Each structure stands twice: as structure tokens, then as C-alpha cells.
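The exercises that follow are meant to be worked with the sequence and the coordinates open side by side. Try each task before reading its solution.

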Amino acid sequence: MSVSELFEEACTGLKSLFVGLGITGKAFCQPQVTVIYPKQEVDNLSTFRGHVELVGKEDDPSVPRCVACGACVKACPSDCLTILCPVPAKEGQEDAPMAMGPAPQKGSKTPGAVIVDFSLCSLCGQCAKTCPVDSLRFSDNPYMVALDRKEFRIDLMARLKRQAEEE
Amino acid sequence: MQAFDTAQLPRDPSSVRFEPGPTEDKLILSMGPQHPSTHGVLRILLELDGEYIVRAEPVLGYIHRMHEWMAEQKTYFQFMPNMGRVDYLHAMAWNWAYAGAVERLAGIEVPERGEHIRVAVTELNRISSHLLWWGAYLLDLGAFTPIMYAFDDREILLDILQAVTGSRLTYSYFTFGGVYNDVPGDFAPRCLAFTKHLRSRLPMYRDLVTDNVILRGRCEGIGEMDVDLARRYGATGPVIRGSGAPVDTRRAEPYSVYGKFDFRIPAYSQGDAMARYMVRMDELETSCDIIDQAVSELPDGPCSAKAPKTLKPPKGEACYAVEGARGKILVHVRSDGGPKPYRVKLRAPGFSNLSVFCELARGTLLADAVSILGSLDLVIPEIDR
Ligand code: SF4
Ligand code: SF4
């Protein structure tokens, strides 16, 4: 490599260096763009897909619209929904304690327990899409932390009750 | 019980092929499966003579998820969320390829508005994929700052996509017949503001990185691939466009409303890592052009056609190809008339693009292998489905 080529290379290298430093210097003077959690929280969550939750009836928000048809359980690709409802007593056994069985049960239109295992959910929305009475929607909670996987099994009926009381 | 004789086991074929040669001074190096520059669980067996690569062989199989098999076990609707996991960086394109194939099979028409939204979100997603590639590639080459700038811009984009789809990475937004939900009212102005912003940032990207001597030194003349080699291996996307062939599914086999839009397919003829880099940088502008056209003429009407709740397409088969950020994505679905697909075949662009690596890496320095690998823009779950 001749001396003139070496000199040229050093010049282009220095130019690159100064241009890069200039851009970094400019960015240094601009306001910070990161969100400092937990001091700040993000606010654009209105359409965020958190785990699914139940929608309450208009006249009584603590009771879900769900009719325990079991369509969402069937549609879910990840098997994360469990819906239990009371099994209607057989003839002659009316006094026996009420048993719970997986939805749907003939003649049973109220769910006894709705549980979603969020650790399995792929947030695909198939359950909400298939629900005939629009009883499921996504919640908007992005801050879910737990040490135990079991804590992601969420009892949606209890959650709905709590939400209705808080309102 | 008879003791198990391990000598009976077949030997790992890769270890057989990588036995030291007669000179015995070759070094076998395993790059990956957790090497930062293999971007996931890809293992590359390298045979080195000093710093030079004599042979390179990618070894797959660390993340096999059997997506195609899963497709046969689930209904058409249930398989949809898997598409976002095949290529998590351009989930929309995979969503589209699968939705498109099933729509073709079942004869479902997508309304005009749905098509426009599909185009806009897919192009937004392509930009986010390219931006992440840009940052990660430079990170591989030893530059840390660019990924921060890329993430800064990508953040605006992810906010838009989150408002539309509800998630930030593994989108499951397409349904058969259109899209899951309509876009919010401020979608078009936000997109236009973003493309304007990105265009204003591109000169900065150029000054900071593209014109930088270090990048040019690491990429120019490295991993040269002529167009025949690319064709022979079935390379698509920016990889073949970097070898001078302007082939793009959006133009070659126009699908959806792409035929209506006016855009340029960037191609560079050098065939080296720098050319592939330049193609992707130019594609950012192309995507901005398409988004501008798609959202400024967003038609009114429904965003989705009515599809039956349990889909049972008639017997037959259908293919649908879309242009993903990494190349041509193709989904082939075969139906036997039941509620589950009889067979699904996914054609991932990354697999063909990776195969070229063995040829490109031979004879280069170890450090150049990183430049080459990064310039192919691999997403491992897509290759190793
Ligand atoms: S969002 Fe999808 S994976 Fe999650 S519970 Fe609903 S159907 Fe199941
Ligand atoms: S689909 Fe709706 S109504 Fe039926 S069980 Fe699920 S939540 Fe209840």
C-alpha cells in the first residue's frame, strides 16, 4: 500500500469516527426514551391482550354472561380453559350433594368455575371469537409476575366478583 | 439382562465427516448452539485451518417443534397461533400465508378493507423485522449503539401494532376471511407519521453505519454469492436480491392488493454481505411507500368476511405464497374434507438461505463467517420447524 493510500484510508477512517461521534453526541443531548419501570408505567394498554377474562352481565356485573356451552374450551388450541358447571341430578337422586362436571352439561346454563391457565395460553383469541354470548375478552394487565407456575391458574369467576365489588 | 453395547450404536454422522484430516492440524470448532451470532439454537460445525474455514456445516434440530405435524392435530382455526411462532420476527407474513392458503381452499373472499389492513400490518412488521436485523447484525459485528437506535424506532412501530393486534411480537391477527379486529381510528395517521419519521431517520442510519469504514471493511467482498448459486440453493428474499435478481413474490406472483401499489424492488448485483445489507436498508423505504399507499386509500366497509365457525374446506389442496422479510414463504394445505387439515407443508425461506452458508463460508476467515451468517438474516425456529 502506498503512502498516499495509507493517508487516504486514515482520513476516511477519521471521518467515519467523527460522524459517528457526532450522531452519538446529538443523541446524548436528547431526552431519554426508555420507560423507567416501576416509577413509570406504560399507558397504551386499551387493546393489549392479557389473559382472557369474563364479561359480566349488564344488570349484575358480578355474574358472567357465560351460558356454560363449552364452545371456548373446544376451540382453545392450548387446552388452557376449564369450565365446570353443576351436573343436573339424576332422577331419584335429587338429595345427593351437587356434583360439578365439565361444560357443557345438559340443562345446566350457569358456570360454577371458570379457570384459565395463563401459563399455557397463546393469546390467540379463538375462545373470545367463538363465544356465542361475547362472554370472554382480553384483560389489559401486562404486569404478571410470579415465582410459581400455579399462580397463573386464574379463577375468572372470583376475579369478576372482585372487579364488580371494586367498581 | 444383556448389557447394552454402545459400540453397536451408529456413530454421529457429523462426527464421522469431521474427523481430522491426514495433516491432523485442523481444529473442529462448534459454533453454537448458544453462540450469540447464531441468533438462536443453531449449531455450526466448523473445520478450521488456522483462522480459515475449510468446511462448515449447520446442524439443526435443537428447537424442533413439529409445526407441520401439529397442524394435522388441530383444527384450521386452532393452528393459526402457531404461525406467529414459526418466524417470530415476521409473524404477519406467516399468518397471511396460512390464512391465504386456507381461504383459497375454502373459497373465502377477503373484503377490500381487510386486504389493505393486511398489507399495512405486514409491511409494518417487515420494517420491525429489518430494524431488528439491522441492530442485531451490527451487534454481531461489534457495534452496540445501532441496536439502541433501531429499538427506539421499532418501539413506535410496535406501539402501532400493539394497538391493532394486542401483542407486540407473536401476532395472531389474521383470521380466515380477513383480520381479527378492525384497526383503531387513528391507525392511518399514526402509520403515516411513522413512515415520515423513519424516512427522516434513514440518513442518520446511513451516516452512522452504512458509510462507516468498519462496516464496509467487514462486509464488502465477503460471502460473495452469484445469482446461479443463489438459484441453485433456492435462496429468496434479500439474499437473492443482493445477488442481482430482483425477484419478489409481491411482484412475481402478486397476491392481495399488491398489484395496485407502486413500489420498487431493490436489488444489488455485488452479491456480497454489503449488497444484502443494502437491499434490506432500501426495503425499509419500499415498505414505507407501500404503507403510505395502503393506509391513505383505506376503503370503508367490513374488515373481515364471514367464515363459518367450524371450517370444513372441500377436498383438495391449495398453495399460497407471500413475501416475508427473509424471502418467499409458502404454505401448502391439503384437505380431506374434515375439520382438520390432512397435511400442511410450510416452506420457510431461512432454510434455503442457510444452506448457502456452507459454500459461502469455505475459505473465509472465522470472523467473516459471522458477517456472512448475519447477512443471511436467519430465524432459527423457522428453519428448524
Ligand atoms: S386466547 Fe387462545 S390459548 Fe388463550 S384461552 Fe383463549 S383460546 Fe385458549
Ligand atoms: S363459549 Fe362463552 S358461553 Fe360458552 S362456555 Fe365459553 S365463555 Fe361460556
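## Exercise 1: the fold and spread of chain A

In this predicted model, contacts in chain A between residues at least 6 apart in sequence include 72% that join residues at least 24 apart. Describe the order of the elements in chain A, and decide whether chain A is spread out or compact.

*Solution.* Begin with the secondary structure: chain A has four helices and six strands, and read from the N terminus these elements follow the order α-β-α-β-β-β-α-β-β-α. Next, compare the radius of gyration, 28 Å, with the 15 Å that the globule rule gives for 167 residues; the value for chain A is well over the rule, so chain A is more spread out than a compact globule. The box filled by the C-alpha atoms, taken along the principal axes, is roughly 105 × 40 × 30 Å. Finally, turn to the surface: 32% of the 167 residues in chain A are buried, and the accessible surface comes to about 11200 Å², with 58% of that belonging to carbon and sulfur atoms.

## Exercise 2: the shells of the two ligands

Determine which residues surround ligand 1 and how that shell divides by class, then do likewise for ligand 2.

*Solution.* For ligand 1, the surrounding residues include the cysteines Cys76(A), Cys80(A), Cys121(A), Cys124(A) and Cys127(A), together with others such as Pro77(A), Leu81(A) and Gln126(A). Sorting that shell by class gives eight nonpolar, four polar and no charged residues. For ligand 2, the surrounding residues include Cys66(A), Cys69(A), Cys72(A) and Cys131(A), and among the others are Ile83(A), Pro132(A), Val133(A) and Leu136(A). Here the division is eleven nonpolar, one polar and no charged residues.

## Exercise 3: the contact between the chains

Work out how many residues each chain gives to the contact, how much area is buried, and which residues of chain B lose the most area to chain A.

*Solution.* Count the participants: chain B gives 24 residues and chain A gives 27 residues. The two chains bury about 2100 Å² between them, and 48% of this lies on carbon and sulfur atoms. On the side of chain B, the residues that lose the most area to chain A are Gln78(B), Gln162(B) and Tyr180(B), which together account for 27% of what that side buries. A residue of chain B that touches chain A is Val213(B), in helix α8 (residues 213–219), whose contacts beyond its neighbours within four places in sequence are Thr12(A), Gly13(A) and Ser16(A). With a relative accessible area of 35%, Val213(B) is partly exposed.

## Exercise 4: burial in helices of chain B

Taking under 20% relative accessible area as the limit for buried, establish whether Arg118(B) and Glu68(B) are buried or exposed, and then how many residues of helix α3 are buried.

*Solution.* Arg118(B) belongs to helix α5 (residues 112–140) of chain B, and its relative accessible area of 1% makes it buried. Residues up to four places away in sequence aside, Arg118(B) touches, among others, Trp96(B), Glu103(B), Phe174(B) and Val179(B). Glu68(B), in helix α2 (residues 67–73), has 16% relative accessibility and counts as buried; its contacts beyond four places in sequence include Arg343(B), Lys345(B) and Arg385(B). For helix α3 (residues 76–86) of chain B, ten of the eleven residues are buried, so this helix is largely enclosed by the rest of the structure. The buried residues of α3(B) include Tyr76(B), Phe77(B), Gln78(B) and Met80(B).

Technical notes: Residues numbered from 1 in each chain as written. Chains lettered and ligands numbered in written order. Predicted model: local features only at pLDDT ≥ 70, side-chain atom pairs only at ≥ 80, totals over all residues. Heavy atoms only, no water. Helix = DSSP H or I, 4+ residues; strand = E, 2+ residues; numbered from the N terminus. Buried < 20%, exposed > 50% of the residue type's maximum accessible area, 1.4 Å probe, protein only. Contact = heavy atoms within 4.5 Å. Near = heavy atom within 4 Å. Nonpolar A, V, L, I, M, F, W, Y, C, P; charged D, E, K, R; others polar. Rg over C-alpha atoms; globule rule 2.2 N^0.38 Å. Areas by Shrake-Rupley, 256 points an atom, 1.4 Å probe, with all protein chains shown as cover. Buried area = accessible area lost by both parts, 1.4 Å probe.
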